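Reader: I should like to learn how to read the strands and the core of a structure. May we begin with the model itself?

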Amino acid sequence: MHTSEQTMIIDAHGHLWPKESKNYKEYNAQQLYAMDRLGINMAAISVLPEEKRCTPDEFISCNNDCIRYMREHKDRILGYCYVNPGYSEAALREIDRCFDAGMIGVKLYHCYRFDDPVHFPLIEKTIGLGIPVLMHAGVSYNTALMERQPNIAGPVQFLNLIKRYPEAILIEGHIGGGGDWEHVIKGLKPGSQIYADTSGSVVDETLIDRSVETLGIDRLLYANDCSFCDGMGKIMSAHLSDIDKKKIFSGNFIDILNKRKGGSVL
Amino acid sequence: MKAKPSHKISSNTLSNPGSGSIRKTDCNAYLGQWPFRETRYTEPASLIELMDSMHITQACVTPVNGLFYKDVHRANLQLSEMIKEYRTRLLPFCVINPFYPGWKEDLQTCVDRLGAKAIALYPSLHNYSLQSPQCGELLTLLGSMHIPAALSERIEDERGEHWHFKIPNIKPDEIIRTVQNFPKTKFIIRDAFILNYEKLSGKNWLIDFSRTDITLSHANMKWVKKSIDRFTFGTQMPLKTPLPAIYKIEKSDMDAKLQKKIFSENLLKFLSR
């Protein structure tokens, strides 16, 4: 596959660092540098607080940084709004504010189980706005890891949620983020409306080909989650046609962005 | 789409896997079926097809069975037989367990008859300590034979481990202590975070670059360039797809001269007796 004028590459799961964090300028510059080196046109990023179960003031501050980065790098950075669903009213107000500022989706962490009713108002909000929810997810049999992330979302929670809200646009974060990715793709298979992003440092040789075989080409989104060469290399070396690679690199994500109420931000 | 963004992105970044212009020698390849998931390219001919598609000139191959057999030497013999027609492309890394009967004789066979370029040790998997006297005896012997010891800090990502079969990592500090305690023995440290080894001095070690993304800070990249003779190229193919490890070198800001050292020169120099 060769770069052409028409090949758009969008990283569907990225991050930049909040301005209050140490060395944020260098970290953020490294992300943009890696995008340049690998030919990544745009990245949809979120700015996360150190403590994910944070207060509204803290998530608002992170989102303010995200909006600034979107404006500073208008043709490179798309934004996800980060909220703690535990503060329901504040979270809903924040999603509206971020949407008005041009954000393209909502990023959630495993503060609660994904199918917990605390998420319902947020999911309803995103359905109304026509934007996706990108959820941190994974399945692991490593006890210590799971004890640190007891609420981490797996396919079961995604399926429960999509059953309740079939119009929702859900993205299972980083199938290559560590864990049993075979479990994840097989578990997600029945949820035909659920997308999976390919990010993470896991580059098992069959990961992408098996994901395409199991989920179909239309449900996969290219992403890095800060593992740039891993993210790019596994797609580039997959046994896929250029047309299919283009779908993963941006086509499927552009389809999602086009569902945004009022039109795509692209 | 309303508008096409304009960027200063690399013009040829998606040109096909890896550049063929620089020789690449992989220090961390395997032959055989991984027991916990489907693996492709498990035979020499197909592995070489994969190498060709990625412009990888040579690969140091360790037998997967050498990790899981109790008598690991049987896997060395199998490996030797498997690669006999591919010796110019596949370089054998045999496996020795210094707690198993007959290991000295096996080692001699590996070096004299099987042409082992290095000896891979899997202490966490074979249930011994790098600090044990038996392991010390093996490492001393390898030093006297000018054969490198290959250590893997990590064999499998613990996040993806099997329910019942867990392969603990070797702690970087333990590797560092071992490298320091055996200055006459050469070590190839595989699948490791290079930044954990910044304090390691001496010239008796190489570390593979496969877990180092191009987002390395300026300060860390400065250290990499200053210590360029200590880095090598490893992919863990065919368990992993090799292209990410290639990109981590090729897409970095290292010039061709430095890339050549990592991709091949350092390792070939290290393997020469």
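Reader: In which sense do strand E7 and E8(B) pair, and over how many bridges?

Author: In this predicted model, strand E7 of chain B, residues 205-208, pairs with E8(B) in the parallel sense, over two bridges. Within E8(B), B:Thr232 is the bridge partner of B:Asp208.

Reader: In what order do the strands of that open sheet in chain B lie?

Author: Eight strands make up the open sheet, in the order E1-E2-E3-E4-E5-E6-E7-E8, with parallel pairing. Strand E1 (25-31) and strand E8 (231-232) of chain B stand at the edges with a single partner strand each, so one side of each has no neighbour in the sheet.

Reader: How do side chains lie along a strand?

Author: In a regular strand they alternate between the two faces of the sheet.

Reader: Is strand E1 of chain A enclosed or open to its surroundings?

Author: Strand E1 of chain A covers residues 10-15, and six of its six residues are buried, so this strand is largely enclosed by the rest of the structure. E1(A) runs parallel to strand E2 of chain A (residues 42-46), to which four bridges join it. A:Ser46 in E2(A) stands opposite A:His15. Between E1(A) and E2(A) the chain passes through helix H1 (residues 24-38) of chain A, in a right-handed β-α-β crossover.

Reader: Which residues touch the most other members of the largest nonpolar core?

Author: That core has 163 residues, and those with the most contacts to other members are A:Val133, A:Leu170, B:Val61, B:Ala118 and B:Ile119. Leaving aside residues up to four places away in sequence, B:Ile119 touches residues including B:Cys94, B:Leu107, B:Leu142 and B:Ala150.

Terms used
Residues numbered from 1 in each chain as written. Chains lettered and ligands numbered in written order. Predicted model: local features only at pLDDT ≥ 70, side-chain atom pairs only at ≥ 80, totals over all residues. Core = buried A, V, L, I, M, F, W, Y, C linked by C-beta atoms within 7 Å. Buried ≥ 20, exposed ≤ 12 C-beta atoms within 10 Å, placed from the backbone. Contact = placed C-beta atoms within 7 Å. Pairing = 2+ DSSP bridges. Right-handed = clockwise from strand over helix to strand, strands pointing away.
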